[in-house]
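Subject: Structure handover

Hello,

Here is the structure I promised to pass on. Please open it next to this email and follow along.

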Amino acid sequence: MTKPPHSLQEAQAALAWLIEAGADEAIDETPLSRYRARSEPQATAAAPRRPPPGGELISSEAAAASARDLAQTAQSLDDLRAALNDFEGCALKATATNLCLSDGNPAADIMIIGEAPGADEDRQGKPFVGRAGQLLDRMLQAAGLSRDSVYITNLLFWRPPGNRNPTPAEIAACLPFVERQIELVDPKILVFAGGVSAKTLLGTATGILKLRGKWASYQHAGMARPIPALPCLHPAYLLRQPAQKRAAWRDLLSLRAALDGGKVAGINE
Ligand code: URA
């Protein structure tokens, strides 16, 4: 039988091992001692999962309509954050620790849109702060950029439990806020990090391996002008498939060339 940890150091090492193995969230809000004999009754019953705020979940259509109404009223990024705090149409909010809206510079020329917060992002309430985020930082640095010269957000603002793929209903509920965020930041260039972001925002079923590196034009209803958009491989994918870093590097060079005045439809031709 596994021995319980005897010191803080051992407990921390055991926890680190669990996180590395993918067990990065507690199943219940009340800790449960797995070291007690099975027959021994637990002193406290496990607390029930937090119910979704506002009681009953609303339908996907009602959620998307409420998202559109709330997002449209936002006149600033602070308003948008407040609107997201008021929004009850995405069930992910009930299991997430924090709202994870954005990081970086709202006045930047480049806006990067990833997929969804992971465990680290959920804890800190900021996108791309975990391992994938650290790789993103190194990629930006290699292109002569930094977090201060880009604005970073995600397609989803709350973490899907266990990092599962977002559902179409969750994407639809968050999309009006993503669209309003694009209008408020009004960047010169959009970078879609990963297939979920690229496919959703370009309205295509084509996979990211075909989309990456090819400049596209992004526009949603009500936008004054289209914005050039570059789909890229997601840093988390590059961590799993390091051989693809060569392709990612080519895309960064293309981004750099566009910033330096190279020809990209819509920005400098
Ligand atoms: N992956 C994402 O798409 N976004 C994050 O914020 C972190 C990891």
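Below are my notes on a central strand, the ligand site, the cysteines and a few single residues.

One caution before the details. This is a predicted model. Please read every distance and angle below as a value computed from that prediction.

**Strand 4**

Start with strand 4, residues 189–193. Is this strand enclosed or open? Five of its five residues are buried, so the strand is largely enclosed by the rest of the structure. Its side chains split into two sets. Ile-189, Val-191 and Ala-193 point one way. Leu-190 and Phe-192 point the other way. Both sets are buried. The general pattern fits here: in a regular strand, side chains alternate between the two faces of the sheet.

Which strands pair with strand 4? Strand 2, residues 110–114, is one partner. It runs parallel to strand 4, and four bridges join the two. Strand 6, residues 227–232, is another partner. That pairing is also parallel and also has four bridges. Val-191 is a handy landmark for both pairings. Ile-112 of strand 2 stands opposite Val-191. In strand 6, the bridge partner of Val-191 is Leu-230.

**The ligand site**

Next, the ligand. Which residues are around it? They are Gly-114, Glu-115, Ala-116, Glu-121, Pro-127, Phe-128, Asn-154 and His-234. By type, this shell divides into three nonpolar, three polar and two charged residues. Gly-114 also belongs to strand 2, which spans residues 110–114. Asn-154 lies in strand 3, which spans 150–154.

Three polar pairs are worth checking on screen:

- Ala-116: a backbone N or O atom lies 3.1 Å from a nitrogen atom of the ligand.
- Asn-154: a side-chain N or O atom is 2.8 Å from a nitrogen atom of the ligand.
- His-234: a side-chain N or O atom is 2.7 Å from an oxygen atom of the ligand.

How much of the ligand does the protein bury? Taken alone, the ligand exposes 240 Å², and the protein buries 91% of that.

**Cysteines**

You may want to know about disulfides. The count is zero. Why is Cys-90 not bonded to Cys-174? The sulfur of Cys-174 is the closest cysteine sulfur to that of Cys-90, but at 4.3 Å it is too far for a bond. The cut-off used is 2.5 Å. Seen from the other side, Cys-174 is in no disulfide either, and its nearest cysteine sulfur is that of Cys-90. Cys-90 is buried, with a relative accessible area of 4%. Cys-174 is buried too, at 0% relative accessibility.

**Backbone oddities**

Most residues other than glycine have a negative phi. Two residues here go against that. Asn-163 has a positive phi of about 60 degrees. It sits in the loop between strand 3 and helix 7, residues 168–185. Asn-163 is partly exposed, with a relative accessible area of 43%. Asp-186 has a positive phi near 50 degrees. Its place is the loop between helix 7 and strand 4. Asp-186 is partly exposed as well, with a relative accessible area of 43%.

**Lys-245**

One last residue. Lys-245 is in helix 11, residues 245–259. It is partly exposed, at 38% relative accessible area. Lys-245 and Leu-233 are twelve residues apart in sequence. Their C-alpha atoms are 8.7 Å apart in space.

Best wishes

Definitions and conventions
Residues numbered from 1 in each chain as written. Predicted model: local features only at pLDDT ≥ 70, side-chain atom pairs only at ≥ 80, totals over all residues. Heavy atoms only, no water. Buried < 20%, exposed > 50% of the residue type's maximum accessible area, 1.4 Å probe, protein only. Pairing = 2+ DSSP bridges. Near = heavy atom within 4 Å. Polar contact = N/O pair within 3.5 Å; in protein donor to acceptor, adjacent residues only side chain to side chain. Areas by Shrake-Rupley, 256 points an atom, 1.4 Å probe, with all protein chains shown as cover. Nonpolar A, V, L, I, M, F, W, Y, C, P; charged D, E, K, R; others polar.
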